[in-house]
Amino acid sequence: MIRLLAPILAVGLLSTTTAVEITLKGHRFTLPDGCEIQCVAEPPLVDRPIMVDSDEEGGLYVADSSGSNASVEDQLRDKPHRVLRLEDQDGDGIYDRRTVFADKLMFPAGVLWHRGSLYVTAPPSIWKLTDTDADGIADKREEWFQGKTLTGCANDLHGPYLGKDGWIYWTKGAFAEQSYARPDGQAPFVTSAAHIFRRHPDKPWIEPVMTGGMDNPVEVVFNAEGERFFTTTFLQHPGGGRRDGIIHAIYGGVYGKNHHVIESHPQTGDLMPVMTHLGPAAACALALYESTVFGDAFKGNLFSSEFNLRSVTRHILEPQGASYTTTSTPFLVSDQLDFHPTDVCEDADGSLLVTDTGGWYKLCCPTSQLMIPDVLGAIYRIRRSDQPTLEDPRGLELSWALNENLAPRLGDARPAVRKRAIDQLAISKAVAPLTNLLEQESATVAEKQSALWTLTRIQNDEARAAIRKVLSDRNLSWGLRHIAAHAAGLWRDQAALGVLTTLLTTEDSPPTVKRAAAEALGRLGHADAIPALLSEAGQEPDRVLEHSLIYALIEIAQAAPLQKALRQGNPDCKRAALIALDQMRPSPSTPDMVLAVANSGIPRLEETAAWLLGKHPEWAPQTADHLETRLDETSAQQLIQKLAPQPTIQQMIAEQLGGEHAQHLLQALTKSSISEPSPELLAALANHLNTQNGPLTLAVLAGLGAKPTALRHSAMTQALDEIANRPSIPMEGRLQALALAAHKKLTDPMAKIAIQGLGHQQALRTRSFAGRVLSEAALTPSQHADLASALSGLAPMEVATMLPLFSEESDPTLGLALVSSLKANTTIGSVPAATIRAAFKQAPAEVHAQLRPLFDQITEGLSKQGEQVDKLLARLPPGDIRRGQTVFNSTEAACITCHEIGYRGGNLGPDLTSIGQARSPRDLLESIMFPSASFVRSYESVTLKSKDGTTYLGIIGDSSADTLTLRLAPTAEIVLNRNDIVDRHPATTSLMPQGIHTQLTEQQLSDLLAFLKGTRWR
């Protein structure tokens, strides 16, 4: 290990403003000045470590991958992974012995040591593994939880994690439907959404804690008051450099993207706020630092590991109303592309362990598409350079017999000792020493916190009574009463109703404590709490506290007091009552009830009413009358966008399109998902095609026209043809009109303009419309010949799009002309060979004889794709970031048509705002040259087949419970009813055109790479 910069330490603290670089194991690590890093486990001790956890003796359990990227079905069958137990025999902090604790495991996505057993998440289940004979090998396996779903990325489960309250938490990702039994004869809990779940270790019932539309919630951690924080990917649709992050998980909150999977779950308003945005980080592990070894300022900080960014980030939690915000700074960064940190955790001595899984992982991860299983991982330890030795950090020299007086250890400076004391006292159910400690004025806050968490884990009336006493004791800190509120709510202690109500309504209660009290009152489910909840809702609470108040009302589910509040309460109180009435089950909400508020003249109430009306398409007739009087309002336009598929709303739009608000209506329609427009609406839209609103109307029709039958209306066809044949209109508009008209037969002038529109000098939108026109038409022989001739000068994307039009042609003259044109195309090597072969399936032998040299050339090129990338990268000249921006926006590259940077650009492809943080220049070049080599998560191409036999290739966009939006091109998407889809499978071809690099000079390509690599979000 070579120190490149000498550390300069403040007294007892690390410098958070300066950094040091350390070279170790081929990495150049950057970390705070005053820190050092050492490798504490590497091959052959571990190969590809993923997640870790320690037992009381200091044994480190490591989920270790075999390096397999086989399908999840194959991995479930073969179970090629394992869990290791590492030991540090000489106490120097470096592990030197291993045991294979358990093998034959499905992909191990998490490990938790608890009470003598190791809980291992291996989707679709969580296993409880126990070594009953103390030989270091698990000989007892119990399936502790069955998720029963396993999707392609195996992100159905992550965890498990032990909460401060003694319950085991885990996360559900993906969007597969799971079903869970509930107690007392309740209907099963059925969901496809993402969740944090929890379950008492000794009970079978499962509780959802958080609900979301994010793809992949990962690790959950808990602060001193038991607040939950978790990392997640795709918490929003990527844009502006945002994608992944950290969320403060409020009980009952709905987070993440607007996704149809959340529609069946109660909501308290808009989606809950994100605490910390991390960009395209592929955020994995999260740790909450509990000691003060790094300095007092580090206690309670979060540390997140970012797989894509080769980093660990420090987040300082700062209270903000009823929640938190963070200040984030890099803590550890490696310069090596194959450094992928998947875990970070605090060890007993206060150092941080960071797990690097190596280069093996590729499943659903485009930054690891090279799949380098021979680049193995390691485990590193980060400590202060002057870190004092912590004697007996795990308390191994202490006696842990149940008859020992363990209560004094609850305030021990060693976190591992505190945790062990909590668990041992909970097992012994020793309530008396805990209540005595809580009454001692001399006891520290840490001791009292530990005592409360111990009482929370004890299941008896004496423990519940002790918790209630804390709730009413104004001499205790708010933080302690916060913990007590969580405990009372967790166990649904009905006797705590009065003290919880007082805690909620006490004027000087902090927002976090009020929120905890509201959560508990909701879980008690008693109607006597409703007046207090409504009173607090009327005090203009922040969004997070408001959520807990409303969610408590939803859980209590008593309608009469809320209906009374609608008549008598202030606006915020009415808002809470209105949402709770609508979201409780069964719901007594009616359109008249909501519309009365929608016309109140109070903006906050009217926004709430619009939100609720959008959730009730069955109320469309009543809603239409309301909308007619406020078409110029943004909330009305948003509501029209949601409800436009309803016939009553379409009729209203058709009637109003001739009025002063036509443009507002058209703008709303451009974002709607109408699949079956009414004849009246089509007639009204046709009238607009020849007015100043023509371009906007074409944008509306582009959405409607994606469904083949949507625009069948005589007036519409006539209007579209008039635009298509008008020379004064730009080519893009004429081709768009032709595409919408979907003519099966083209006149020769129409065909010529479409072929001309395919040229690489045209904008991508123009080329897309031209390709659609030609693809949907039955071309004449002469038109086929003209198109074949034009292929010699087209870009690879257009060649690939047009070749299927020749698949049924057997004329040798046409076939030879097509071969000649393809040979003359300098970019033909970027067109998939299978696409070319399919175009000649009916061609005679003499044509195939001319094809063989072309196929030999293409096949050789395909086998050397990696070599081509490396050779081109090596000879590229230095790039210029400013020139690269021009290339990005140019017609030749057309990147901006499909990709967003900042908040400008298309959304067909991934957001590139911070792509330079996650991808190397070689990765970027490979994705430009061979886009089908890897797919970014949420942008995978799929092939869908509908009942009418039509096959679609595209990318899944927004969807609802009934419909699915498929993006076909930068300018086209289609809304399909889910019931009409008979087949769905992943596609092997990217929608991104292959061979863009062939249309650029090497200088332009280098400039483009410089621009992409230079993009930064933070």
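This passage describes a sheet, a buried threonine and two sets of helices in a predicted model.

The sheet is considered first. Four strands make up this open sheet, and their order is β4-β30-β29-β28. The pairing is antiparallel. Strands β4 (35-41) and β28 (341-346) stand at the edges. Each of these two has a single partner strand, so one side of β4 and one side of β28 are left without a neighbour in the sheet. On average, neighbouring strands of this sheet are turned by 25° against each other, direction ignored. Within the sheet, strand β29 covers residues 352-356 and strand β30 covers residues 378-384. Five bridges link β29 and β30, in the antiparallel sense. In this pairing, Leu-352 stands opposite Ile-382 of β30.

A single residue is taken up next. Thr-191 belongs to strand β16, which spans residues 189-191. Is this threonine buried or exposed? The relative accessible area of Thr-191 is 2%, and the cut-off for a buried residue is under 20%, so Thr-191 counts as buried. Its surroundings can be listed. Leaving aside residues up to four places away in sequence, Thr-191 touches Lys-172, Ala-176, Glu-177, Gln-178 and Tyr-180, together with Phe-197 and His-265. The side chain of Thr-191 also has a polar atom 3.0 Å from the backbone nitrogen of Ala-193.

Helix α9 provides another case of burial. This helix runs over residues 530-537 and is mostly covered. Six of its eight residues are buried. These are Ile-530, Ala-532, Leu-533, Leu-534, Glu-536 and Ala-537. What covers the buried residues of α9? The cover includes helices α7 (497-505) and α8 (511-524). It also includes α10 (543-556), α11 (559-568) and α12 (571-583).

The last element pair is formed by two packed helices. Such a pair is described by the angle between the axes and the distance between the axes. Helix α23 (residues 748-757) packs against helix α25 (residues 781-790) at an angle of about 15°. The axes of α23 and α25 lie 11 Å apart. Angles under 35 degrees count as roughly parallel, so α23 is roughly parallel to α25. The crossing of these two helices is right-handed. On the α23 side, the contact is made by Asp-748, Ala-751, Lys-752 and Ile-755. On the α25 side, Ser-782, Gln-783, Asp-786, Leu-787 and Ala-790 take part.

Definitions and conventions: Residues numbered from 1 in each chain as written. Predicted model: local features only at pLDDT ≥ 70, side-chain atom pairs only at ≥ 80, totals over all residues. Heavy atoms only, no water. Buried < 20%, exposed > 50% of the residue type's maximum accessible area, 1.4 Å probe, protein only. Contact = heavy atoms within 4.5 Å. Pairing = 2+ DSSP bridges. Axes fitted to C-alpha atoms, helices over the stretch in contact; angles between N-to-C directions. Polar contact = N/O pair within 3.5 Å; in protein donor to acceptor, adjacent residues only side chain to side chain. Parallel < 35°, antiparallel > 145°, perpendicular 65-115°, else oblique. Left-handed = near helix turned anticlockwise from the far one by under 90°.
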